[in-house]
Structures are given as C-alpha cells and as structure tokens.
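Here are a few exercises to work through at your own pace. Have the sequence and the model open side by side, and try each task before reading its solution.

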Amino acid sequence: MAATVHVICLLFLLTCFSQFSECEKVTMRLVEEPSNFGYNQDLYSQTNTLKAKVKAANVSGPVLLKSLAGKCFDMINDMYKYQFCPFHNVTQHEQSLRWNPYSGILGVYQEWKIVNNTFEAMVFKHGDSCMDKLRQASIDFKCSDKNELLNVSEPRTCEYQLTFATPLVCHKHSMLVYPTLPESLQEKWDELEGELVEEEITQQGYGKRLNKIFEEAGYVMSPDKVLEPELPVIQNEDINDFYTLTTCNEEYRKLKLEFEALKLKVPQEDKIDIDPVKDENFPFKEGDFEQYNAAADGGDHPHYDDIYDYR
C-alpha cells in the first residue's frame, strides 16, 4: 500500500514538472516609481499645497498665549493627523492607504469666543468646503505641565472641537479679558458698567456695546468686516492694462513715447542719451513703433522722426 502511494506521488510530481517545463518564460519588470499611499506622503508637502480662503486675523488675546504664534502641534486620532497652529489655522490629514488621502483646512484663525469676561475658546472659520457650508473649528484650553493637543471631536458635521493643554493658562487670571485691553477701552468698559448699575441701559444694550469694545480690541470679528483673501487677486480695472503680455507691451510703448517726448523738452545739455536699440532692457525690435503709431494714433507721431530715426 505504501509503495502504491509512493508511485502515485512520484507520477504526480513528474506531471507537474512536465507542465512547468512547457510554460513560457515571463520577464519580470521592477517598478521604481514612488508610492503615493497616505502613509508615504510627506506632511510638509501636503500642507504646502493647502490654500486658505482668507487671511488669519492679527494675533490677539491672552498675553501669555501670544508666545505660541508661529508654532504648530500635531496629534493622530483614528485615521487622521490634526495640526493646530495657534493664531494661524487648523488642518486635517488623512493617514490612509488610499491613493488620494484627504488633506485640508478645518479653519483659519478669526476671533475669540468670550464668555463672562473670559477668553473661552479660539475660533477658526472659513475652512474648506464641506457639503453646503465651510468647515470651522473651536479650540478650548486646559491647564497642563506641557503643550500638547489632547483630543479632537466633530460634534456637528463639518464643525470640529479641539482641546489644547498648556501651562500658559494655569494661572486663574490668565484668560481674563479686561487686563489685556488698552487703557482707553478699559475706561469705556468702566463707563458701561456704571450705566448698567444705574439702570441707564438694558442688559441687552450692555451686551451689544460690550461686544463693540471687543471688536475694537480685535478680539471678535465684526459682522460687517470684509475678509481679506489669503493670496493677492487681480483687480478688474488692472486686467485691461497689464494682465497679458500684449497689453503690457502696449502700455510700455506708450510710456516710452511719453518719455521721449518729454526728453525733447529738456535743454540739450541736460538730455540723457538713450538708444532703444542698444538698450538691453528694451524689449522691442525695429519696426515695432511704426506699427504702434499706426494703430494708436491713426498716423505718424508728431515727434516720431526726431525720436525714433535709428535705422
């Protein structure tokens, strides 16, 4: 029985070897292209490609927390890396093996949430689009012996809540608003308190005027404030003059004509010798100005023969 089994096994192996020997050889190609998977993507390159919709507000608020400006703090929560840059922005980076992991801005620093004369949270708005609205984030502060981002949650869709721990808020007065105000705004607040005590204004009126003081201090954003874009934009009135190479060249020619016309009015001894053909910075070839004159003036320029007779 054992011999029979051995014979069957031997026949099986010979059959497999015979089939294998008849197979066609396949040349393997090694691919040395870099991977684009999430874990292999550099966080720095991700953040460099992010474009904020608006500029961050000026650094303001508790004096001690201003020392955090220019710094960033990271934490990984589930499949996402969150980065909190005080007074700048909050970003989210998906740590996934997908070929196109999400990386975006959750909000740009805009203002403080103030409750009962206390800086309660740093507010970040105007993040990336999320369904029918923009993402936003709020940062609460907690006393700790070191700076670290503790946790992140999304209590409502596209609205994020982060907690940042730091020794800078451990003093009981570190988050009070009144001591951070300039003297002039402190005096306004004092007068407002007096009017409230004397019942000269209502509680609602008191709240509105107090908020105006916070707006003036730069702690909260006025609803009428026009937000500045993060990157400079081309104004409509500038497009016709300098937006294209053709229009830019035309404007240059006009300025050159004006300059040469003015040069004729300067006394001979004060003239500056400028030869547009020899000038390396002069971008036009011979014949350009004849074409320009015909198009712009409908005929010869009155001083053309005197100015541009360099052929």
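## Warming up: the whole chain

Bear in mind throughout that this model is predicted.

**Exercise 1.** Describe the chain as a whole: its contacts, its secondary structure and its surface.

*Solution.* Start with contacts between residues at least 6 apart in sequence: 51% of them join residues at least 24 apart. Next, count the elements, and you should find eight helices and 10 strands. Then turn to burial: of the 311 residues, 33% are buried. Finally, the accessible surface is about 21,200 Å², and carbon and sulfur atoms account for 53% of that.

## The sheet

**Exercise 2.** Work out the strand order of the eight-stranded sheet, and say which strands lie at its edges.

*Solution.* Following the pairings across gives β1-β2-β3-β4-β5-β8-β10-β9, an open sheet with mixed pairing. The edges are β1 and β9, since each of these pairs on one side only. On average, neighbouring strands are turned by 25 degrees against each other, with direction ignored.

Now check the β1 end. Here β1 pairs with β2 (residues 80–85) through five bridges in the antiparallel sense. One pair to look for is Phe 73 with its bridge partner Phe 84 in β2.

**Exercise 3.** Is strand β4 largely enclosed or largely open, and which strands pair with it?

*Solution.* Take burial as under 20% relative accessible area. By that cut-off, 11 of the 13 residues of β4 (residues 103–115) are buried, so the strand is largely enclosed by the rest of the structure.

For the partners, look at each side in turn. Strand β3 (residues 89–94) runs antiparallel to β4 and is joined to it by five bridges; Asn 89 stands opposite Val 108 of β4. Strand β5 (residues 118–125) is also antiparallel to β4, with seven bridges, and Val 115 faces Thr 118 of β5. The turn of the β4–β5 hairpin has two residues between the strands, and Asn 116 there has a positive phi of about 55 degrees.

**Exercise 4.** Find what Val 108 has close to it in space from 52 residues away in sequence.

*Solution.* The residue is Ala 56, with a C-alpha to C-alpha distance of 5.6 Å from Val 108. Ala 56 sits in the loop between α2 (43–48) and β1 (73–77). Its relative accessible area is 27%, so Ala 56 is partly exposed.

**Exercise 5.** In what sense does β10 pair with β8, and in what sense with β9?

*Solution.* With β8 (residues 136–143) the pairing is parallel, over eight bridges, and Gln 136 stands opposite Glu 159 of β10. With β9 (residues 148–156) the pairing is antiparallel, over six bridges, including the pair Val 152 and Leu 162. Two residues separate the strands of the β9–β10 hairpin, where Cys 158 takes a positive phi near 70 degrees. As for burial, seven of the eight residues of β10 (residues 159–166) are buried, so this strand is largely enclosed by the rest of the structure.

## A helix pair

**Exercise 6.** How are helices α3 and α4 oriented, and what classes of residue make their contact?

*Solution.* The axes of α3 (residues 183–197) and α4 (residues 203–217) come within 10 Å and cross at roughly 180 degrees. The two helices are therefore roughly antiparallel. Among the contact residues are Trp 189 and Leu 192 of α3, with Tyr 206 and Ile 213 of α4. Sorted by class, the contact has nine nonpolar, one polar and five charged residues.

Definitions and conventions: Residues are numbered from 1 along each chain as its sequence is written. This is a predicted model: local features need pLDDT of at least 70, side-chain atom pairs count only at pLDDT 80 or more; totals for chains, interfaces and linings use all residues. Side-chain values use heavy atoms; hydrogens and water are left out. Buried means under 20% relative accessible area, exposed over 50%, partly exposed in between (1.4 Å probe, protein chains only). Contact means heavy atoms within 4.5 Å. Accessible areas come from the Shrake-Rupley method with a 1.4 Å probe; for residues, only the protein chains shown count as cover. Helices (H or I, at least four residues) and strands (E, at least two) are DSSP runs, numbered from the N terminus. Two strands pair if DSSP finds at least two bridges between them. Axes are lines fitted to C-alpha atoms, for helices over the stretch in contact, and angles run from 0 to 180 degrees between N-to-C directions. Angles under 35 degrees count as roughly parallel, over 145 as roughly antiparallel, 65 to 115 as roughly perpendicular and the rest as oblique. Ala, Val, Leu, Ile, Met, Phe, Trp, Tyr, Cys and Pro count as nonpolar, Asp, Glu, Lys and Arg as charged, and the others, Gly among them, as polar.
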